[in-house]
Amino acid sequence: MRNPRTKLICILLLVLLVPLSGLSAQNDIPTLTIAVIDDPSGPLMDGARLAVRQINADGGVAITATTTAQLNLLPVLDTARDNPEGLVAALQAQDVIAVLGPITNDEAISLIPQLVALGVPIITPATSDTLLTSDASGLVFRSRASDVVQGQALAAFLIQELGLRTIATAQLDIASTAQLLGFATSASTLGAAPSPTLFISDASEIATQADQLIAANPEAILAYGDVPSVASLYAALKAGAWNGLFIYPDAARLGSVLPDGLSSGILGTTTWAYTFTDTLSINFVNLHVRTYGEIPSELAAAGYDSIRMLAEALAQPNDLRTNLLTLPEARGLQGVLDPSTLANGETTENVAITRLNEFGAPEVIALYRRGDPFTAAQDPVVIVPTATPLPDGTFVTITSTLQNVRSGPSMDYPILGQLNEGDQAEVVGRSIDSQWVVIEFIGDPGWLAVDLLEITGSLADVPVVAPPTTPVPPTSAVQPTATPAGTPDVIIQSAVVNPTPIISGQTFTIAVTVTNIGAAPTGTFSVGGTFAPSNLFLSGQVPALAPSQSLVVNLSGVFIANGQFTSSLIIDSNNQVNEGAVGEQNNIYNLTYSIDRAVLRQASQTLNLGDTLDLEGNGVQGDVNWNADGGVGLDGLFGAKLGIVSGVDLNAITYDAINPANLTRDSIPRTEMFPGTLIGVRTADGNRGVLRVDAVSDTQITVTFKVYSGG
């Protein structure tokens, strides 16, 4: 165990890389590491983890005729992404063979130019159309259909299938411009250019713009923007008795915030939905729910498909990038994955059109590939051929290429043999948790992990069978040499700060998930750390953990400060657990957090010439005015002072970064303001605030702002 005093030395490059050591191979089996730009419990990571677990349980990836390798995932947390150069160096040191992610368009555009220096394939689910067309490295692949492909499918469905001719669009944020253009271009090509096309930049304008849409009375309205704004627009349309067809690309998220019954009939697009009815998707949903207790998203499906593609490419004779580019049709959750026939690293152009039911669940009503409609019957790669009808009872069908049959219900039991994809067998027993089933195998009970199976019938009708008391090898197997008893190995799986950012002067909590990834139980041990900037010491006790057991420990405290800091959480700081040489090396977890003063108000607003903005919204007096006197610019009012703030993003800025000493200007001209410019404000009421310029012209400016309480 490292001395706690050495913890600051371990904050190398301020990069948070948390290997999921529980997935690493044993003894001399090689391990191939794949970085995932997602939190350990993020959707991309969750889907990828399920695929890795299945592949490793099935024996790993055959990288040569005589060698198999296990796969290992390395999640890259938020703080690591803030330092791209350090991140690349850290991933090079980890010898990663590929990267999954980033997830969002903004993060992908920011990070991918740095990540290509790794020289390994980067598979991202981000859907921005420019990501791959601007890539000169040939290393970037996309695991979901792009925005333009989804727009083409939606336009084809509305115009060619439904026969619509009057389609209006309502854009409620600037970030969705590329998505909207993809649809509008396709719709115009098909002879139904959108009209009217509204841009709603201020929430206060939603009701007025909804009236304008109702007056136009289009057959359909397609909305883009954040979920709360779109929900407000939809509610306003319904309140005005508009009964046309409403479309929102992320319909499922919209349905989750609408009252029951109001979401019925809303259309959307997706690259995969949990309501897909093919066998692979059904099994994936069941496995995801059993493992994580929640329904998987399309990002989880993309993570699963990405790992499966990598595994197939690794088994080919050439380098990994070449193998991915030439990978033939592969079976995936999203349908056929076929990078060999698509350009620029695209791996799929499959899109589903969904319609929400009265409870907000997405029903798949149409499938599109490369802009053309198709049916499940036309997709032999995805649909599993119908097996020979089975008699009454509970049966399993093998869905992997090969599946090991073991003498007991865990990976510790010896392998009796293997079954091939499509093989079927009657279930004669099950484990008490129904995670393993028993079949008759060459005259002996054989155990199969249900994660890798399709089950027909009900496990509830199958009796529980007690496992062998110790892993007993088959009689024909050579007895292995006895190995020493295993040791425990405790790690910090994740640490989640609530609230984020931490509010100065208010209690915060760090939920620390600790896991014993070793092979023996622990005793009681501690987890904690000393946190900047005030050397606040927080610690909690962890009871004994069995192998693979996890527990959440909540650490709470109060800071009186502002800023962004990184400190180390240390597990087993008192050396109470004998983890062995390897286990002692993974006991430090670097955590980055922000501390800020409470925000009094945060909103967006568009100002026309002559308009005034009151940041506090208390109606006492305005703070800034978009003025044309002496040239277009932003003027301070009633003593408010302004200044341009550089080197920080609105989402990362803190109270201390808005230094009144730097806010000395009465006016900032239009020529100094561009989208993304931050302007600090000392308000007329004496509070500190900041505005981000979202859009600006000679006549209008749109800003997002926040103002802190307490002067």
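Is alanine 241 buried or exposed, and what is its relative accessible area? In this predicted model, alanine 241 is exposed, and its relative accessible area is 55%.

**View 1. Alanine 241, a residue other than glycine with a positive phi.** The close-up is centred on alanine 241, whose phi is near 65°. Along the chain, alanine 241 belongs to the loop that runs between helix 9 (227-239) and strand 10 (245-247). Alanine 241 counts as exposed because its relative accessible area is 55%, and exposed is the term for values over 50%.

**View 2. Serine 548, with a positive phi although it is not a glycine.** Here the backbone of serine 548 has a phi of about 75°, and the residue is placed in the loop between strand 29 (536-542) and strand 30 (550-558). With a relative accessibility of 63%, serine 548 counts as exposed.

**View 3. The cis peptide bond from serine 195 to proline 196.** This view shows the bond that links serine 195 to proline 196, which is cis and has an omega near -5°. Proline 196 itself is found in the loop between helix 7 (177-189) and strand 8 (197-199).

**View 4. The cis peptide bond between asparagine 498 and proline 499.** In this last close-up, asparagine 498 is joined to proline 499 by a peptide bond that is cis, with omega at about 0°. Proline 499 lies in the loop between strand 25 (490-498) and strand 26 (502-503).

Methods
Residues numbered from 1 in each chain as written. Predicted model: local features only at pLDDT ≥ 70, side-chain atom pairs only at ≥ 80, totals over all residues. Heavy atoms only, no water. Helix = DSSP H or I, 4+ residues; strand = E, 2+ residues; numbered from the N terminus. Buried < 20%, exposed > 50% of the residue type's maximum accessible area, 1.4 Å probe, protein only.
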